[in-house]
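Me: I should like to understand the terms used for this model. Please set each value against its definition.

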Amino acid sequence: MLRRAAVDWNRGDLDGFMSDYLPGDSTTYIGGRGLVRGPSAIRASYARLFTGELQRDSLSFVILDVDPVAPGIANLIAEYILTRRAGGRDSVTARGPTSLLVRRVEGRWRIVHDHSS
């Protein structure tokens, strides 16, 4: 799931990136601007990065831990890494922890709660 999310992000596919979030207002994202509720609001918070209005750096993840909480539910802890190519070299522009509560729905893992800082 995270590999696909990074590929979608890096090619500028916001719809693909957002497809991992479970539809419904109970899905949440917590980031630098606080709590965002529902995939459409989460999508809106990312939209400016995909229109070219803001610089969107390349995204990758390093999975640190996967903790099965219950059947079909897991807490995924990872580090996100944003890099930018400048002068022929990649440099890290941001990195930080992300904790994702994911639920298996119809054979696919979907994000229910995303806390990234």
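Me: What makes the lining of the second largest pocket mostly a matter of one class, and which class is it?
Reply: In this predicted model, that lining has eight nonpolar residues, one charged residue and no polar residues. Leu, Ile, Val, Met, Ala and Trp count as nonpolar, whereas Arg counts as charged. The residues concerned are M1, L2, R3, I63, V66, A74, L76, V102 and W109; R3 is therefore the charged one.

Me: Which elements give two or more residues to this lining?
Reply: They are α1, β3 and β4. The space in the second largest pocket comes to about 190 Å³.

Me: What is the volume of the largest pocket, and which residues are closest to its centre?
Reply: Its volume is about 730 Å³. The lining has 33 residues, and W9, Y29, S45, Y46 and L49 are the closest to the centre. A lining residue must have an atom within 4 Å of a pocket point, so each of these five meets that condition.

Me: Which element gives the most to the lining of the largest pocket?
Reply: The element is α3, with five residues. By class, this lining holds 19 nonpolar, eight polar and six charged residues.

Me: Why are β5 and β6 called paired strands?
Reply: Pairing requires at least two bridges, and eight join β5 to β6, so the condition is met. These strands run antiparallel, and R103 has R110 in β6 as its bridge partner.

Me: How do you know that β1 and β6 pair as well?
Reply: They share three bridges in the parallel sense, and at least two are needed, so they count as a pair. I30 stands opposite H115 in β6.

Terms used: Residues numbered from 1 in each chain as written. Predicted model: local features only at pLDDT ≥ 70, side-chain atom pairs only at ≥ 80, totals over all residues. Heavy atoms only, no water. 1 Å grid on protein atoms, 1.4 Å probe; cavity = no way out; pocket = protein on both sides within 12 Å on 5 of 7 lines; lining within 4 Å. Points joined across faces, edges and corners; volume = space filled by probe spheres on them. Helix = DSSP H or I, 4+ residues; strand = E, 2+ residues; numbered from the N terminus.
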